[in-house]
Amino acid sequence: GTLVRFSDGLKAESDWNIRERRGAGAVRTPPLEVGSSTASTSHFKVILLHNSMFANDALSESSSSSSSTTQQSTSSDRVDGSIIRPDLDLSSLAASAASCPQQQSGEAAERSPATPSFLFDDYDYHIYAHMTMADFSIGDEVEEEAPSQLEEVEESETVTHHKQATVREAHEMFVTVYGSCHLGELKASIAPGRVNLIGEHVDYCDGFVLPMAIPLYTCAMGREAIDQSRGFTLIHSVYFTETIKLTKPYTEGRDKYPQWVRYVQGVFALLEADSLPYLDIIIHSHIPPGSSLSSSAALEMSILYLIMEFLPDADRLSTTAAALLCQKAEHLYAGMPCGIMDQLVIAAAKNQRALKIDCLTLDYEAIPMSIAHDVVFLVTNSGVKHALATSEYAKRRSDVDRAVKLIGANSWRDVNEEYLKQRSSSLTGEGDMMDRACHVVGEIARTVEAANALLDNNILLFGRLMTDSHESLRRNFSVSCAELDELVEIALSVEGVFGARMTGGGFGGCTVSMVRRDAVEDLKKEIKNRYKGGEATFLECEPVGGVRIFPLDFLAPPRPPSNQ
């Protein structure tokens, strides 16, 4: 018999869902025919078990009378037969793509109205078996029908309120800066921040990461400038309290702009937006810069989605292509050699789901956060700000890029602990290279195990893996700092905390703790009383959806009552 542990979902996977990709080749899985018996709904007979991990229940076996062989819903953009690596020059892909057969199916047809010149979409069919359980008594034997696809979870009222508040504030500032205008002239996009639960500093190592989008938002709002003869786009930042003139050609003049503008300029330049009308834009954000919650990626994605509203539908990008463009903008214009995680989770996040991202293939899968019924992910801002572009982030990336070559591997995904041990002599005399390599190999393995722990609702294991990740980031990768270590130490001393770690690039920013719901206030109190690094602030997180165009009809004044 097989013991099935869950709270609100059951996932069944087939072995052939595993995709083996090495180097430039790809072994494709056969598409799942929706009409076939493989994809049809099946009935599961399960024994409902108590899913709480807070008691040491003795687990007994139960048998499943039948199961469904399905596949996890994933998405990717790639050139057929060749993996698009996150650090590839996007502008060079057109030539290689021209010799490859175009293939577009399934989700790609819906998500990519027009394929950009540098990228072809190829979304495989994958099916998610998900059981939504009614309020059965513990131990009841039930039969449930598994839907053939993962259903979208509705956004909570709280999250909608956060979004509307951010957009309303942006609108008020827009009127202050540019004057009043008809709502029909305005467009607005809103992009969330993110917290990475595990998988740190491996998104640029072809690894796996497990982030989720969080309800802190950046709003970009704009309209076509009334005077198109003026020769520039105006961009006003509420946070930086300055207005910048962005001039064409957008590919030139990077050094004349402040750092925050370069993220915006990069998006305009790589989208080849010289054909755009000149715009009036306001940027308003509740994501603190330097907090490791992806304020820069949220800025890039919100700007991209906004300016695409002023382009013909044929020029829209797919989800993954949009993430790649924003990553490229950060590399070339902001000088930050980031991985793909931040942009992709902000583009593709789903409500009440974490996103497991394969940074080699750019496939991703939405993982139900069943543990959210029992625990809270508490983000704690240390108050220590960092500037990654001028810190040692770039050096860490350079170190691991060199280390993988020294040990003779094409990718870190080809390296496990045994391989690293056999090739360790290649890193002798190379400073901290062996420590860096140990972190990458261990963190990739931990992230895969953590994603499975989420699916199994194994709170204890997930918490331990979070804490192990922090230790590796502190000891092996040396990207933590005294304030982050202090916050983690305090958190782990509080009863009801299952795990804690730094999140983001490091050198300051935030920690994330997995804490029992009824112990959250105790944890906050302990940090307020004991933390010596400054005044910490908190955010209780729920997973939210990704970047969207936000309708503005809620800003319209109410209609006067009818005389009838």
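**Glu200 and the strands around S14**

In this predicted model, the side chain of Glu200 comes within reach of the backbone nitrogen of Gly504, at 3.0 Å. Glu200 itself sits in a loop, the one linking strand S5 (187-198) with strand S6 (208-224). Loop or not, Glu200 counts as buried, because its relative accessibility is 3% and the cut-off for buried is under 20%. Once neighbours within four places in sequence are set aside, the residues in contact with Glu200 are Met341, His439, Glu443, Leu473, Arg501, Met502, Thr503 and Gly504.

Gly504 leads on to the next bit of the picture. Gly504 lies in the turn of a hairpin made by S13 and S14, with 6 residues between the two strands, and has a positive phi of about 95°. Strand S13 (residues 497-503) runs antiparallel to S14, and 6 bridges hold the pairing; in that pairing, Val497 is found opposite Val515 of S14.

S14 also pairs with strand S12 (residues 375-381), again in the antiparallel sense, this time over 7 bridges. Here Ser513 in S14 is the bridge partner of Leu378. As for solvent, S14 (residues 510-516) doesn't see much of it: 6 of its 7 residues are buried, so the strand is mostly covered.

Then there are the cysteines. The count of disulfides in the structure is 0. Cys438 is partly exposed, since its relative accessible area of 32% falls between the 20% and 50% cut-offs. Cys481, by contrast, counts as buried because its relative accessibility is 16%, with the limit for buried set at under 20%.

Methods: Residues are numbered from 1 along each chain as its sequence is written. This is a predicted model: local features need pLDDT of at least 70, side-chain atom pairs count only at pLDDT 80 or more; totals for chains, interfaces and linings use all residues. Side-chain values use heavy atoms; hydrogens and water are left out. A disulfide is a pair of cysteine sulfur atoms within 2.5 Å. Buried means under 20% relative accessible area, exposed over 50%, partly exposed in between (1.4 Å probe, protein chains only). Helices (H or I, at least four residues) and strands (E, at least two) are DSSP runs, numbered from the N terminus. A polar contact is a pair of N or O atoms within 3.5 Å; within protein, one must be able to donate a hydrogen and the other to accept it, and residues adjacent in sequence count only if both atoms are side-chain atoms. Contact means heavy atoms within 4.5 Å. Two strands pair if DSSP finds at least two bridges between them.
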